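Hi,

Here is the structure I promised to pass on. Please open it first, then read my notes below.

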Amino acid sequence: MTAPAGSPARHRHRHRDQDPPRHAPPRRFWSVRRVPAALTALVILAVACLFLYDLAAVRAHRPGMRWRQELARQLDRHTPADTAVLIAGGVLALAGLVLLVLAIAPGLRGILMMRAPEGAGAGVRAGLGRKAAALVLRDRAMEVSGVRSARVKAGRRRVKVRATSHFRELEDVRTDLDGVLAVAVEELGLARPLPARVRVRRGKE
């Protein structure tokens, strides 16, 4: 049994077929972190080699290194309740927490994620540098009548624009900048829209 042409069921199915597909927000790019990883590996290797050399020297019936003997005496003299030990432990714990946060964070904060083009596969991603985005928006701001100079800073959540005007009313210049920058930000194709905060002042003659 089929529903009539004007039935609500057919309209619901037709509206559902015409809905645009929803795309998941693109994932951010992850920093490779080759230099920090290499430095960490070198430090761990150097410490491991130092301890291995000292252990081999002790096994060969030679005196151990002075720094290790001094460290053993200090550990035997101080207890975990001492203030110096608590401070050192807190500093090390804080440093470990910072390293853990940096390890699990994506990094590459200077890249803004862009929307995936139509028909692109799930693995296709694109990004735009914040400096490049600020340069494009600055050029568009300079096209507004009355703008003498403009400074644009593109952040991860908003765009800050500081412009100077040598003629026209400041409110008119600010209104035109709001409209032009809103269109320019949309044309960048970013996955997350960046609202622009515009400040206009009178330039010095």
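Read along the sequence, the pattern is α-α-α-α-β-β-α-β-β-α-β. That makes six helices and five strands in the chain. Please keep in mind that this is a predicted model.

Some totals next. The chain has 205 residues, and 18% of them count as buried. About 16,000 Å² is exposed by the chain. Carbon and sulfur atoms supply 62% of that area. I also looked at contacts with a separation of 6 or more. Residues 24 or more positions apart account for 58% of these.

Now the inside. The largest nonpolar core has 24 residues. Within this core, Leu137, Val147 and Leu177 have the most contacts. Five elements give two or more residues to the core: helix H5 (130-142), strand S3 (147-154), S4, helix H6 (170-187) and strand S5 (196-202). H6 gives the most, with five residues.

Leu177 is worth a click. Leaving aside neighbours within four places in sequence, Leu177 is in contact with Ala141, Val144, Val147, Ala163, Val198 and Val200. One of these partners, Val147, is also among the core residues with the most contacts.

Next, Thr164. You will find Thr164 in strand S4, which covers residues 159-165. Is Thr164 buried or exposed? Thr164 counts as buried, because its relative accessibility is 9% and the cut-off for buried is under 20%. Its side chain has a polar partner: a polar contact of 2.5 Å joins it to the side chain of Ser149. Not counting residues up to four places away in sequence, Thr164 touches Gly146, Val147, Arg148, Ser149, Arg201 and Gly203. So Val147 turns up again, in touch with Thr164 as well as with Leu177.

Last, the surface. Which residues form a nonpolar patch there? They are Leu94, Leu97, Val98, Leu99, Leu100, Val101, Leu102 and Ile104. Together they have about 790 Å² of accessible area. Take Val98 as one of them. Val98 sits in helix H4, residues 83-104. Val98 counts as partly exposed, because its relative accessibility is 43%, and partly exposed lies between the under 20% of buried and the over 50% of exposed.

For a quick tour, start at Leu177 and its contact Val147. Then go to the Thr164 and Ser149 side chains. Finish on the patch that includes Val98.

Best wishes

Methods:
Residues are numbered from 1 along each chain as its sequence is written. This is a predicted model: local features need pLDDT of at least 70, side-chain atom pairs count only at pLDDT 80 or more; totals for chains, interfaces and linings use all residues. Side-chain values use heavy atoms; hydrogens and water are left out. Patches are made of residues with over 30% relative accessible area and no salt bridge: like charges are joined within 9 Å, nonpolar side chains (Val, Leu, Ile, Met, Phe, Trp, Tyr) within 5 Å. Accessible areas come from the Shrake-Rupley method with a 1.4 Å probe; for residues, only the protein chains shown count as cover. A salt bridge is a side-chain nitrogen of Lys or Arg within 4 Å of a carboxyl oxygen of Asp or Glu. Helices (H or I, at least four residues) and strands (E, at least two) are DSSP runs, numbered from the N terminus. Buried means under 20% relative accessible area, exposed over 50%, partly exposed in between (1.4 Å probe, protein chains only). A polar contact is a pair of N or O atoms within 3.5 Å; within protein, one must be able to donate a hydrogen and the other to accept it, and residues adjacent in sequence count only if both atoms are side-chain atoms. Contact means heavy atoms within 4.5 Å. A nonpolar core is a set of buried Ala, Val, Leu, Ile, Met, Phe, Trp, Tyr and Cys residues joined through side-chain atoms within 4.5 Å.
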